[in-house]
Amino acid sequence: MPKSNTSIELPVFDISQPLSPSSLSSLLLACSEWGFFRITNHGVPQDLYKKLYSLSNHIFSLPIESKLKLGPTSSLKTYTPQFIASPFFESLRVSGPDFFASAQSSVDVLSDQPNSEFREYGNLMTKLSKKIVKDVLQSLGEDLEKKYIESEFSNCHGYVRINNYTPSNSIKEEEEEVEGLGMHTDMSCVTIVYQDEIGGLQVRSKEGKWMDINPCEDTLVVNIGDLLHAWSNGKLRSSKHRVVLKKMVKNRFSLAFFWCFEDEKVISAPNEVVGEGNNLRIYKPFVAGMMGEEICKRQKKNKTSFEELADDSKIDVFRRLDIKDRGKLKCVSKTWRILIAASCFPTYAGLLYKREHLKKPLGQISKIPFDNSTRRLGFYTTFSLNSVGLGFELTRELQESCNGLLLLCHSHYETIPVFADSHDSPKRKTIYTYYVVNPLTKQFLKIAKPKRNSASYKYAALAYHPAESSHFKIVRFRVNHLDIYSSQTQKWGSFRIQLKENVLKAKWVKQSVYFQGSIYRLSMSGHVLRFFDKNPCWVVQEIEIPQTAKIVNEAACIGLSNGQIKFASNDGLDLKIWELNKQQGWSLKCSFPSNKITALSIAMRN
Ligand SMILES: O=C(O)CCC(=O)C(=O)O
Ligand SMILES: [Fe+2]
């Protein structure tokens, strides 16, 4: 990520005093241009920050197993662990109105010392937030504050999020940066941020430029969130911001206090704020708890460019076009031609990145850049078919791809030391490591193979769909067992599965399809195997291939298209494609004479 050098001088307001008319107009300007400003004389003693820092540092230094007792699968859910989309960031939440009780409930789970610092901080921040919103309302109009501060804001509630950013050892050069917390807006009325001396907070300008908000002693940063943005009919800007990490020697610590409307509150911008005419309203009245959905509706208008999509998703788009349109679009570029060719096969999971399964190469994929010294995947150019380079052969190391994520398995030797007087020659041990890569965000996660079993290199699949969860699973197949890694718990689990002897003995196609929580694989015994999580264990269903289907010379595959599992087989005479329906079983979708298919695939390649 190239370093941005531009910092912004935000106006500073003395929050202990009533604001003068000129300060109010510069406050309004800051809120509408940047959505950010600073406050001073906020009444939080330096000493309290020192205490909060050492308390937080103590909690974040606990082993991950302890912290996960408060994690996303626990009943409290106050701790957010590092995960693939934000590998350097973890946080802990302390909620009001009783900040002491909230902090205490987390502390109890960790069997830790009670503390009252969060009560003091939470209460101070709550008062401060109300004062800030009062000033902001006043800046919008003389009477707005009097009329609305009690009627609209008296049920607001707040919570503190303690953020811990871990230094990334992948940053080598002075000018390099990684994203600590990705671009976002806050779902609050206002947010008050304390950041330590390391810095890294950035706001995005209206022109799309990232500007540094440098740490400044004795001041706090305030930003407008989505809720106040909607309430002010867009007059107050809820700006996109993020945290970047540069070369860091210690953890970065910050505290964000979010002051929010109660979930049930109907947000309706007052007429005085909207001005004449109802068509000037940018949001119809909606309940605060639905803010996320409202933002989605609006964001649908700001479309993502097609080129930004992962290749799997592009193939899925092409698949929905009719054959004539696909033919025309092949002329756009070589990359499109390759993707469109891939879209003609009844599969996408893994196909594009797994050209070993195809007789003819799909493109120029061979490598992704991989810097062995830093264990960091770097993408010198954008991840595209012919520009990836890894340092190890993708065709050999790549296991699967699933909805935009790639799964790679890397092996290297380590020498086991022998005693000086031993006559044995040093032994070499192979170390296997999985990498789950998001080529779009250029982030990856390194996961060691499960320790317990000795089976060295086994085919593994990925289970991931961004619409279901931001977490993924790695599913590793062993005889009668599945090893499953969950990015949510960051642990491997092992499950025994029951399979018929003939299924077990037959060859299984090294390719999986992930669909609605299940992993599908094809066994040459004539079964499509469906593996799924039937809490508390994983189970397998053996689905017989259609009665009239034949697998000749292993010419068969499964795939997903138009949201259904498909099975295709070529018996030498015809290529037939069936669709699997959960209730009705298989139905034949199409049948082509094999000789025509060969002609078609040659035409596609040209
Ligand atoms: O860590 C920071 O400086 C800002 C954190 C932030 O933006 C947030 O927690 O929403
Ligand atoms: Fe934020």
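A donor, in these legends, is an N, O or S atom within 2.8 Å of the metal, and water is not among the atoms, so a site may look incomplete. With that in hand, welcome to a few close-up views of this predicted model.

**View 1. Three protein side chains hold the iron ion (ligand 2) as donors.** Here you meet H184 and H241, each donating through NE2, together with D186, which donates through OD. These protein donors lie 2.1 to 2.3 Å from the iron ion. Read along the chain, the donors follow the spacing H-x1-D-x54-H. Because H184 lies in strand β6 and H241 in strand β11, the pair ties together parts that are 57 residues apart in sequence.

**View 2. Ligand 1 makes polar contacts with N163, H184 and D186.** Start with H184, where a polar side-chain atom lies 3.0 Å from an oxygen atom of ligand 1. An N or O atom in the side chain of N163 is 3.2 Å from an oxygen atom of the ligand. For D186, the distance from a side-chain N or O atom to an oxygen atom of ligand 1 is 3.2 Å. On its own, ligand 1 has 290 Å² of accessible area, and the protein covers 100% of it. Two of these residues may look familiar: H184 and D186 are also donors of the iron ion.

**View 3. A shell of 14 residues surrounds ligand 1.** Coming nearest are R161, Y165, H184, R252 and S254. By type, the shell divides into seven nonpolar, four polar and three charged residues. Strands β5 (157-165), β6 (178-184), β11 (241-245) and β12 (252-260) each supply at least two of its residues. Which strand gives the largest share of the shell? That is β12, with four residues. The space that ligand 1 takes up is the largest cavity.

**View 4. Two cis peptide bonds lead into prolines P97 and P536.** Most peptide bonds are trans. The bond from G96 to P97, however, is cis, with omega near 0°. You can find P97 in the loop between β4 (89-95) and α4 (99-109). The bond joining N535 and P536 is cis too, with omega about 10°. P536 belongs to the loop between β27 (527-534) and β28 (537-544).

**View 5. N233 has a positive phi.** Most residues other than glycine have a negative phi. N233 is not a glycine, yet its phi is about 55°. Look for N233 in the loop between α7 (226-231) and β11. That strand, β11, is also where H241 of the iron site lies.

Key:
Residues are numbered from 1 along each chain as its sequence is written. Chains are lettered from A and ligands numbered from 1 in the order in which they are written. This is a predicted model: local features need pLDDT of at least 70, side-chain atom pairs count only at pLDDT 80 or more; totals for chains, interfaces and linings use all residues. Side-chain values use heavy atoms; hydrogens and water are left out. A residue is near a molecule or strand if one of its heavy atoms lies within 4 Å of it. A polar contact is a pair of N or O atoms within 3.5 Å; within protein, one must be able to donate a hydrogen and the other to accept it, and residues adjacent in sequence count only if both atoms are side-chain atoms. Accessible areas come from the Shrake-Rupley method with a 1.4 Å probe; for residues, only the protein chains shown count as cover. On a 1 Å grid over the protein atoms alone, a cavity is a set of points where a 1.4 Å probe fits but cannot get out, and a pocket is an open set with protein on both sides within 12 Å along at least five of seven lines; lining residues have an atom within 4 Å of a point. A molecule sits in a cavity or pocket if more than half of its atoms lie within 2 Å of its grid points. Ala, Val, Leu, Ile, Met, Phe, Trp, Tyr, Cys and Pro count as nonpolar, Asp, Glu, Lys and Arg as charged, and the others, Gly among them, as polar. Donors are N, O and S atoms within 2.8 Å of the metal (3.2 Å for Na, K and Ca); water is not among the atoms, so sites may look incomplete.
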